[in-house]
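Visitor: I'm new to this structure, and I'd like a close look at a single part of it. Could you take me through one sheet, strand by strand, and then show me what surrounds it?

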Amino acid sequence: MSIRALAAAVLTRVLADGASLTAALAALPDTLPSQQQAWIKAACYGVLRDYPRLHFYLTRLLDKPVKAPQVESFLLLGLYQLTAMQVKTHAAVSETVAALPVKQRWAKGLVNGVLRTFLRQRISLEQAAEANREARFAHPAWIIDVLYQDWPRQAESILAANNQQAPMTLRVNLRQTRLSDYQARLQALGWEAWPLPGLPAALTLAQAVPVGQLPGFAEGWVSVQDGAAQWAAGLMALQPGLRVLDACAAPGGKTAHMLELCPDIELLALDIAEARLARIADNLTRLHGSAQLCCADAAQPETWWDGRAFERILLDAPCSGSGVIRRHPDIKLHRRPDDIATLVASQQAMLTALWPTLAPGGLLVYATCSVFKAENEAQIAAFLAVCADAEIDLPPCPFAQARPFGQQVMAGCGDVDVDGFYYARLRKR
C-alpha cells in the first residue's frame with residue numbers, strides 16, 4: 001500500500017470512525033521505513049490542523065458532499081499536498097489519484113477533477129476562505145467564540161499557535177545526568193537544543209527526532225514532555241516521606257517526574273482505565289521509578305481510599321484539551337461545545353471528592369491542559385466559594401499569566417514556546 005493510501009486510511013479512521021489521531025497512527029505497520037512514517041504523520045497532522053479550511057474548499061469544489069469517507073480523505077490529502085506540502089503539483093494530483101484502492105477506483109475522475117479545479121480556482125478560493133471565519137482560523141466556530149469571549153486580546157495568537165507544529169521538548173532525568181551534559185550529547189549528534197526559563201530539566205529541540213534515537217532514552221535518562229506540563233511536579237513541593245496521590249495519572253509523565261524530583265515519597269497513582277494504567281507501569285519501569293498503581297475513579301474515594309490522608313494531591317483533571325490542540329489537532333473535530341459542561345461537572349466532582357482526603361496543611365495542585373476559563377479559574381473560584389478551609393497558595397511561574405485563582409499558560413502568547421495549561425495550588429488550612 002502506498003504512503004498516500006496509508007495516510008488516507010489514518011484520516012478515515014479519525015474522520016469517519018472517531019478514532020484519535022494518536023491511535024490511528026499507532027496502528028500503522030511497524031515495518032514502514034522511518035521516512036515514510038514521517039511523511040504520513042506530517043500529512044495527517046497537517047490535514048487535521050487545516051481541516052476547517054480544506055473542508056471549506058471542498059464545499060466550493062463539489063456539487064454535493066461525498067458519501068464515501070475514504071474518498072473524502074483522499075480529497076483532503078490531495079488539497080493539503082497542494083496547499084502546504086513541498087510536493088510537486090503533478091505528483092500531488094497524479095499519485096493521490098493512483099493511490100485510490102480498488103473499491104474506490106470509481107472516484108478517480110472525481111478526485112482528479114476536484115484537485116485540478118482547485119489549482120485553476122486557487123486564488124479565488126483562498127480569498128473566499130479568508131472571508132469565512134472558520135476557514136480563516138482553521139477552527140470550529142464554537143472554539144473561536146469561546147477563545148474570543150475568554151481571551152479577546154490573545155485569541156488570534158492562540159488560534160495561530162494551534163495551527164503550528166508543536167516543538168519537541170525533553171525532560172532530562174536529573175538523577176541520571178546533568179542538563180548541560182545531556183545538551184552536550186545532543187549537540188555532539190548535531191541536534192541543537194536549548195533550556196527553558198524556570199524549568200531546570202527542560203530542553204527544547206530545534207528539530208523533532210525519533211524518540212528511540214534520543215541518547216539514553218531506553219535507560220531512562222530522558223522523557224518527552226512539554227515544558228508547561230513539567231511545571232506540575234515542582235508545584236507539588238515534595239519532601240521525603242510525604243504521602244502523595246496522583247489522581248488521574250496516565251500516561252505517567254507527571255508521576256515519573258515527581259519520583260525523579262523526590263524518589264522517597266509514598267506515591268499512589270490512580271487511573272480509571274486498566275490499559276492506561278499499564279502505560280504508567282511501562283513509563284515507571286523505563287525511568288526506574290516505583291509507585292503503587294490502582295485502577296479506580298478519583299471521584300469515588302470510598303472505593304479505593306484507605307482513610308490515611310495525603311499530604312500532596314495532583315489532580316491533572318480530564319479536560320477539553322483546548323491548550324494542546326497543536327499536538328492533537330483531532331480535538332477540533334472530536335470535541336463538541338456540549339462537552340464542556342460535562343467536563344466541568346466531572347472536574348468539580350473530583351475536586352469535591354478528593355479534598356477530604358487531603359491532610360490539614362497539605363497541598364492540592366489542580367491542573368488542566370485547557371485555556372477555557374470555565375474549566376480553570378471559574379472552576380477554582382466556585383470551589384473556593386464553598387470550601388472554607390481552602391486557600392490559593394501559588395508561586396509565580398515565569399511563562400504563565402497570573403490570574404486571580406491560578407496561573408494560565410497560553411500557546412503563542414509568551415516568550416517561552418509551551419502548550420496551553422492551567423494550574424492552581426490549593427492549601428488546606
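Guide: Let's start at a turn. Strands β2 and β3 make a hairpin, with 2 residues between them, and G198 in that turn has a positive phi of about 80°. Keep in mind as we go that this is a predicted model. On either side of the turn, β2 covers residues 193-196 and β3 covers residues 199-205; the two run antiparallel and are joined by 4 bridges. If you want a spot to fix your eye on, find P195, which stands opposite L203 in β3.

Now step back to the sheet that this hairpin belongs to. It is an open sheet of 4 strands in the order β2-β3-β1-β4, with antiparallel pairing. The edges are held by β2 and β4 (222-224), each of which has a single partner strand, so one side of each has no neighbour in the sheet. From one strand to the next, the twist averages 35°.

Move along from β3 and you come to β1. These two pair in the antiparallel sense over 4 bridges, and T169 has T204 as its bridge partner in β3. On to β4: β1, residues 168-172, is joined to β4 by 3 bridges, and again the strands run antiparallel. You can pick out two of the partners here. L170 is bridged to V224 in β4, while R171 has S223 in β4 as its bridge partner.

A helix comes into the picture too. Helix α12 (residues 227-235) packs on the sheet and touches β1, β2 and β3, with its direction at about 165° to that of β3.

How covered is β1? It is mostly covered, with 5 of its 5 residues buried. That goes for both faces: M168, L170 and V172 are buried on one side, and T169 and R171 are buried on the other. So T169, which we met as the partner of T204, and R171, which we met as the partner of S223, sit on one side of β1 together.

With the sheet in place, let's see what it is part of. The protein has 17 helices and 13 strands. Its radius of gyration is 23 Å, close to the 22 Å that the globule rule gives for 429 residues, so the protein is as compact as a globular protein of that length. Its C-alpha atoms fill a box of roughly 70 × 50 × 40 Å along the principal axes. Of the 429 residues, 53% are buried. And if you take contacts between residues at least 6 apart in sequence, 70% of them join residues at least 24 apart.

Elsewhere in the model there is a pair of helices to look at. Helix α4 (residues 51-61) and helix α5 (residues 69-84) pack at an angle of about 110°, and their axes are 10 Å apart. That makes α4 and α5 roughly perpendicular to each other. Where they meet, α4 brings Y51, L54, H55, Y57, L58 and L61, and α5 brings E72, L75, L76, L79, Y80 and T83. Sorted by kind, the residues of this contact come out as 9 nonpolar, 2 polar and 1 charged.

Stay on α5 for a moment, since Q81 is found in that helix too. Q81 counts as buried, at 0% relative accessibility. Setting aside neighbours within four places in sequence, Q81 is in contact with R4, W39, V87, A92 and T96. For a sense of distance, Q81 and E302 are 53 Å apart, C-alpha to C-alpha, and 221 residues apart in sequence.

Two more residues make good stops. Q154 is in the loop between α9 (141-150) and α10 (155-162). Its relative accessible area is 14%, and Q154 is buried. Beyond its neighbours within four places in sequence, Q154 is in contact with Q401, M410 and C413.

The other stop, C294, is back on a strand: β7, residues 292-295. Again leaving out neighbours within four places in sequence, C294 is in contact with L268, A269, L270, D271, L277 and W304. From C294 to A138 it is 40 Å between C-alpha atoms, and the two are 156 residues apart along the chain.

Conventions
Residues are numbered from 1 along each chain as its sequence is written. This is a predicted model: local features need pLDDT of at least 70, side-chain atom pairs count only at pLDDT 80 or more; totals for chains, interfaces and linings use all residues. Side-chain values use heavy atoms; hydrogens and water are left out. Axes are lines fitted to C-alpha atoms, for helices over the stretch in contact, and angles run from 0 to 180 degrees between N-to-C directions. Angles under 35 degrees count as roughly parallel, over 145 as roughly antiparallel, 65 to 115 as roughly perpendicular and the rest as oblique. Contact means heavy atoms within 4.5 Å. Ala, Val, Leu, Ile, Met, Phe, Trp, Tyr, Cys and Pro count as nonpolar, Asp, Glu, Lys and Arg as charged, and the others, Gly among them, as polar. Two strands pair if DSSP finds at least two bridges between them. The radius of gyration is taken over C-alpha atoms; the globule rule is 2.2 Å times the number of residues to the power 0.38. Buried means under 20% relative accessible area, exposed over 50%, partly exposed in between (1.4 Å probe, protein chains only).
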